[in-house]
Amino acid sequence: MSDKPSTLQDFPYEAGIQAIKDSLDFSDFDAFYQHMLHSLPQNSPETRRRYTSLVMRWFFPERKLGGLLPRVWAACYDEALLLELVRVTTLETEPVIADFVTGTAYATPPGQAFDPTIARDYIIATYGSYKKNSYDRLIVTVRNLGFLARHGNQWLVPWIPTPANGLLILLHARLAQTPRIVRISDLLAAPWWRYLGYRNPDEVRSTLRLAEAAGLIARYSIVDELEQITTRYTFDDYLDNALRL
């Protein structure tokens with residue numbers, strides 16, 4: 001039996017971004033959750049509950065205040081950086097969308113037209129039949145995340161600015177909470193660098209070399225044919241000082 005859901009859900013992107021910002025005004029997660037339930041614009045209480053659940057799922061995966069996205073916003077107030085990290089939390093939660101981005105959208109080079117029938121075929125292949133709601137939600141989600149763009153009547157795969165700062169934050173958050181040696185192979189074994197917007201490992205390596213040159217990591221080296229980096233900062237220091245490339 002497939003573990004994939006029977007349909008995709010709406011992606012309340014704007015509500016999620018606002019929730020990240022609003023969460024900084026709360027010290028109690030339950031109070032924040034109740035704020036979400038009552039502040040969303042939908043008329044139906046049931047719809048507001050569903051959207052609140054979706055916002056928590058995608059934007060607050062830790063299910064608490066002070067998670068990664070609110071901390072990054074509080075430290076940097078950077079909309080572009082926030083989007084980079086939202087790509088990761090969303091695609092980690094939604095494997096159907098993640099597979100579409102990395103296996104289908106990435107097959108089209110940046111700057112080229114994207115045929116939307118490819119997305120339709122993907123929905124049919126995933127669910128066994130065409131589901132218009134899932135198709136619409138797929139397109140809206142990947143557009144909001146920056147993986148597709150529309151110009152007039154044409155869909156394009158846009159060029160995504162190198163998500164260097166998102167990479168460095170997640171490197172420290174997930175692989176080096178304290179200064180340590182990190183194998184490049186361990187970093188590349190995880191899918192999240194592709195969710196950020198990188199397409200190939202050499203782009204990641206380029207960012208890490210730039211980070212070394214800028215003093216954001218201590219060293220990038222190849223030792224006994226083992227490619228590795230040595231970090232300089234704890235995750236807390238890196239984030240609290242709003243370091244960036």
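**Entry: S134**

I began with S134, which is buried, since its relative accessible area is 0%, and buried here means under 20%. I noted that the model I am reading is a predicted one. S134 sits in helix α8, which covers residues 132–144. When I left aside residues up to four places away in sequence, I found that S134 touches T7, L8, I123 and Y127.

**Entry: helix α6**

Next I turned to helix α6, residues 95–103, and listed its buried residues as V96, I97, A98, F100, V101 and T102. I then asked what covers the buried residues of α6. The cover includes α5 (79–93), α7 (116–127), α8 and α11 (192–196), so I met helix α8, where S134 lies, once again.

**Entry: helix α1 against α4**

I recalled that two packed helices are described by the angle between their axes and the distance between the axes. For helix α1 (residues 13–23) and helix α4 (residues 68–76), I wrote down an angle of about 70 degrees and axes 9 Å apart. That angle makes α1 roughly perpendicular to α4, because angles of 65 to 115 degrees count as roughly perpendicular. The crossing in which α1 passes α4 is right-handed. On the α1 side I found I20, K21 and S23, and these meet L69, P70 and W73 of α4. Sorted by class, the residues of this contact between α1 and α4 are 4 nonpolar, 1 polar and 1 charged.

**Entry: helix α1 against α5**

I followed α1 to its meeting with α5, where the two axes come within 12 Å and cross at roughly 115 degrees. This makes α1 roughly perpendicular to α5, and α1 passes α5 in a right-handed crossing. The residues I noted from α1 are Y13, I17, I20 and K21, which meet E79, L82, L83 and V86 in α5. The contact of α1 with α5 has 6 nonpolar residues, no polar ones and 2 charged ones. Comparing my two lists, I saw I20 and K21 of α1 named in the contact with α4 and named again in the contact with α5.

**Entry: the largest nonpolar core**

Which residues of the largest nonpolar core touch the most other members? Of its 80 residues, they are F59, V86, W192 and L208; V86 was already in my notes as one of the α5 residues that meet α1. I looked further at L208, which touches L167, L168, L171, I184, L187, I217, Y220 and I229, not counting residues up to four places away in sequence.

**Entry: L216**

L216 is in the loop between α12 (201–213) and β4 (217–223), and I asked whether it is buried or exposed. L216 counts as buried, because its relative accessibility is 6%. With residues up to four places away in sequence left out, L216 touches L168, H172, A211, R232, Y233, Y238, L243, R244 and L245. L216 and L245 are 29 residues apart along the chain, while their C-alpha atoms are separated by 7.6 Å.

**Entry: two positive phi values**

Last, I looked up two residues other than glycine that have a positive phi, R63 near 55 degrees and Y77 near 50 degrees. R63 lies in the loop between α3 (45–59) and α4, and at 44% relative accessibility it counts as partly exposed. Y77 lies in the loop between α4 and α5, and it is exposed, because its relative accessible area is 54% and exposed means over 50%.

How values were computed. Residues numbered from 1 in each chain as written. Predicted model: local features only at pLDDT ≥ 70, side-chain atom pairs only at ≥ 80, totals over all residues. Heavy atoms only, no water. Helix = DSSP H or I, 4+ residues; strand = E, 2+ residues; numbered from the N terminus. Buried < 20%, exposed > 50% of the residue type's maximum accessible area, 1.4 Å probe, protein only. Contact = heavy atoms within 4.5 Å. Axes fitted to C-alpha atoms, helices over the stretch in contact; angles between N-to-C directions. Parallel < 35°, antiparallel > 145°, perpendicular 65-115°, else oblique. Left-handed = near helix turned anticlockwise from the far one by under 90°. Nonpolar A, V, L, I, M, F, W, Y, C, P; charged D, E, K, R; others polar. Core = buried A, V, L, I, M, F, W, Y, C linked by side-chain atoms within 4.5 Å.
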